[in-house]
Amino acid sequence: MKFHIPNALVVSHKKIGDKIYSLIFNAPEIANSASPGQFVHIRCSNGLDPLLRRPISINDVDKEKGLVSIWYQVVGKGTEFLSKVKVGECLDVIGALGRGFDSNIDGKNVLLIGGGMGIAPLIYLGSVISKKNTVRGIFGGRNKDVIPCILSESNFDYELCTEDGSIGREGLVTDLLEDQLHKEKIDAIYSCGPKPMLTAMQRISSREEIPLQVSLEAVMACGVGACLGCAFKGYRDGEEAWLKVCKDGPVFWDSEVKW
Amino acid sequence: MKEVKLSVDVAGIQMKNPVMTASGTFGFGEVYEDFFSNELLGAMVVKGVTLKARKGNSAPRLVETPAGLINSIGLENPGVKVVLQELLPSLKKYDVPVIVNISGNVVEEYGELAGLLSSSSVVKGLEVNISCPNVKEGGMAFGSSPEMAAKVIREVKKSTNLPVIAKLSPNVTNVVEIALAVEEAGADAISLINTLLGMVIDIKRKKPVLGNIMGGLSGPAVRPVAVRMVWQVAQRVKVPVIGMGGISTAEDALQFIMAGATAVAIGTGQFVNPCCCVDVIKGLEDFCRKNGIKNINDLRGVAWNE
């Protein structure tokens with residue numbers, strides 16, 4: 001079930017990195033129906049420019065308090081507007097949208113691999129699946145500025161790496177992944193981040209024959225499968241097709257993506 | 001004040017209010033069900049249908065512009081067979097007229113589509129798309145010449161008894177000329193406008209943003225053009241006009257009605273506000289009540305009065 005909450009009260013809004021913010025709003029209907037990997041579609045204007053909503057993945061929910069948390073990076077007009085919203089003001093939100101991660105698993109050894117803002121949905125996923133599975137995170141980015149500084153609140157183990165070594169190990173998430181694969185048998189990998197990172201992830205997971213789910217992003221209009229705009233080339237029933245990030249995803253099995 | 005009469009008659013299609021969905025923005029009626037009941041709509045115009053399945057255009061298919069959106073979806077749809085067998089039957093449960101938008105590569109395909117869709121008891125009208133800017137063959141090419149436009153409409157009229165609505169393109173020199181030609185050819189109503197052909201260039205990549213280079217501009221940015229065209233066409237044709245282009249509020253819809261539209265359709269506005277259609281319906285009723293208007297039909301074309 002999707003909900004339109006035109007007046008979701010902002011209860012917390014903090015800067016947690018270079019142009020990176022954490023925002024928490026009240027939307028019990030969304031908090032209670034969401035699952036890891038889904039996203040919210042937020043109006044980022046009081047007028048007509050920007051016109052369209054911005055899709056942002058859910059970073060966590062508090063079902064009891066009815067709260068939804070997102071992380072976002074200011075990259076354009078929409079997110080610039082969002083960064084100016086104050087605690088006590090309201091947002092117009094639709095959610096929870098899309099198909100999330102396959103989180104209905106038990107007794108598995110799972111790696112969560114995130115790059116930059118792609119870490120956000122993995123925090124939510126990790127907090128849910130770490131109850132019944134062994135979960136380890138490998139999170140990275142260019143430098144410490146693009147790694148959200150409130151990561152330590154997560155309830156599963158993780159390792160950090162940056163390309164310049166400004167925080168965590170120096171190197172790429174794929175380096176840490178290779179190390180981990182030497183140490184233990186991994187049952188599944190869930191990943192979200194820039195496309196080159198996901199492509200590298202796919203190469204490794206297919207070599208090791210480890211099931212991989214990736215969360216993709218795209219420019220969207222409707223967010224609900226109406227406009228067919230957020231298309232990317234993938235496979236449906238073994239045939240090439242234009243899949244829609246908003247409805248068929250944003251989370252896909254690696255076999256559904258044309259890499 | 002008592003009840004306001006919002007119901008309208010578009011070429012024999014009885015609608016409880018003048019608000020329709022615009023083709024290609026509402027799927028086959030399933031996408032906005034979580035937000036409002038389809039029953040509230042005046043009519044449902046479903047995604048454009050072609051004879052054979054179409055995979056659609058390459059990505060990126062969308063680019064946002066100031067107060068607007070350019071799309072190049074390319075009529076992605078599963079083809080008329082699947083639409084008839086799998087998608088339309090589920091719309092039977094709604095007490096709302098369903099209008100199917102059709103597109104062909106050649107004139108004969110429009111006729112074939114019209115014939116096939118007439119067999120469905122769900123379909124209450126056909127909207128003939130002679131204005132899609134996003135396909136190589138057919139589409140806008142048919143809607144750019146009065147002779148071709150008339151030819152397509154005659155072909156469709158030959159193949160169906162359903163009301164036939166011609167959806168016109170704004171990408172023409174003289175929209176009135178096309179409107180008169182389709183009316184003469186037997187169109188029972190006219191929809192306008194389809195999207196305006198446009199493009200955006202990514203100056204970093206030094207390339208067009210859209211995979212298909214050009215696309216159709218919609219949203220509030222196009223509204224003044226749409227209102228102007230409805231104004232011009234509605235004064236010259238006898239058949240009802242359905243106005244669309246950038247409607248997101250009741251005030252926007254009222255401009256079209258005052259310009260001469262019998263009904264209006266909402267598309268991009270629905271992407272921004274998933275309850276846009278029902279908000280507009282409610283806003284129309286409120287406007288009428290506040291202004292002592294008993295029947296929405298009394299507002300049609302009032303702006304023509306000197």
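**Close-up views of a two-chain predicted model**

**View 1. Around B:Leu168 in chain B.** Setting aside neighbours within four places in sequence, B:Leu168 is in contact with B:Ile130, B:Ser131, B:Val175, B:Ile178, B:Ala179, B:Val182, B:Ile190, B:Ser191, B:Leu192, B:Ile193 and B:Asn194. Please keep in mind while looking that this is a predicted model. B:Leu168 also appears, with B:Tyr32, B:Val100, B:Leu192 and B:Leu284, among the residues with the most contacts inside the largest nonpolar core, a set of 144 residues. Helix α9 of chain B, residues 276-290, gives this core its largest share, seven residues. Another core lies apart from it and has 26 residues, including A:Ile30, A:Val40, A:Tyr72 and A:Val74. As background, nonpolar side chains in soluble globular proteins tend to be buried together.

**View 2. A cis peptide bond beside the B:Leu168 contacts.** Two of the contacts of B:Leu168, B:Leu192 and B:Ile193, are worth a second look here. The peptide bond from B:Leu192 to B:Ile193 is cis, and its omega is near 15°. B:Ile193 sits in the loop that runs between β10 (189-192) and β11 (196-198) of chain B.

**View 3. A cis peptide bond in chain A.** Which form does the peptide bond from A:Gly95 to A:Ala96 take? That bond is cis, with omega near -15°. A:Ala96 belongs to strand β6 of chain A, residues 90-97.

**View 4. The contact between chain A and chain B.** Here 28 residues from chain A meet 30 residues from chain B. About 2,500 Å² is buried between the two chains, and carbon and sulfur atoms give 64% of that area. How many salt bridges are counted between chain A and chain B? The count is three. A salt bridge links B:Asp34 with A:Lys2, whose closest N and O atoms are 3.9 Å apart. Nine residue pairs, both partners at pLDDT 80 or more, are in polar contact across the interface. On the side of chain A that touches chain B, β1 (3-17) and β14 (239-244) of chain A each supply at least two residues. The largest share of that side, three residues, comes from β14(A). Sorted by class, the side of chain A that touches chain B has 18 nonpolar, three polar and seven charged residues.

**View 5. The surroundings of A:Arg53.** A:Arg53 is placed in the loop between β3 (39-42) and β4 (54-62) of chain A. Is A:Arg53 buried or exposed? With a relative accessible area of 0%, A:Arg53 is buried. Its side chain makes a polar contact of 2.8 Å with the side chain of A:Asp92, and one of 3.5 Å joins the side chains of A:Arg53 and A:His4. Leaving out neighbours within four places in sequence, the contacts of A:Arg53 in chain A include A:His41, A:Ile42, A:Arg43, A:Val93, A:Ile94 and A:Met220. From chain B, A:Arg53 is in contact with B:Phe271, B:Val272, B:Asn273 and B:Pro274.

**View 6. Helix α3 of chain A and its residue A:Ile129.** Helix α3, residues 119-129 of chain A, is mostly covered, as ten of its eleven residues are buried. Among them are A:Ile119, A:Leu122, A:Tyr124, A:Leu125 and A:Ser127. Which strands do the buried residues of α3(A) pack against? They pack against β4, β5 (67-73), β7 (109-115), β8 (134-141) and β11 (188-192) of chain A. A:Ile129 lies in this helix and counts as buried because its relative accessible area is 1%. Not counting residues up to four places away in sequence, A:Ile129 touches A:Ser103, A:Ile105, A:Val110, A:Leu112, A:Val135 and A:Tyr190.

**View 7. Helix α7 of chain B.** The buried residues of this helix, residues 250-258, are B:Ala250, B:Asp252, B:Ala253, B:Leu254, B:Phe256 and B:Ile257. Their cover includes α6 (223-234), β15 (241-244), β16 (263-266) and α9 of chain B. After α7(B) comes B:Gly260, with a positive phi near 120°.

**View 8. Positive phi outside glycine.** B:Ala11 has a positive phi near 55°, and its place is the loop between β1 (8-10) and β2 (13-15) of chain B. B:Ala11 is partly exposed, at a relative accessible area of 25%. B:Leu75 also has a positive phi near 55° and is found in the loop between β6 (68-71) and α1 (80-87) of chain B. B:Leu75 counts as buried, at 9% relative accessibility.

How values were computed
Residues numbered from 1 in each chain as written. Chains lettered and ligands numbered in written order. Predicted model: local features only at pLDDT ≥ 70, side-chain atom pairs only at ≥ 80, totals over all residues. Heavy atoms only, no water. Contact = heavy atoms within 4.5 Å. Buried area = accessible area lost by both parts, 1.4 Å probe. Salt bridge = Lys/Arg side-chain N within 4 Å of Asp/Glu carboxyl O. Polar contact = N/O pair within 3.5 Å; in protein donor to acceptor, adjacent residues only side chain to side chain. Helix = DSSP H or I, 4+ residues; strand = E, 2+ residues; numbered from the N terminus. Nonpolar A, V, L, I, M, F, W, Y, C, P; charged D, E, K, R; others polar. Core = buried A, V, L, I, M, F, W, Y, C linked by side-chain atoms within 4.5 Å. Buried < 20%, exposed > 50% of the residue type's maximum accessible area, 1.4 Å probe, protein only.
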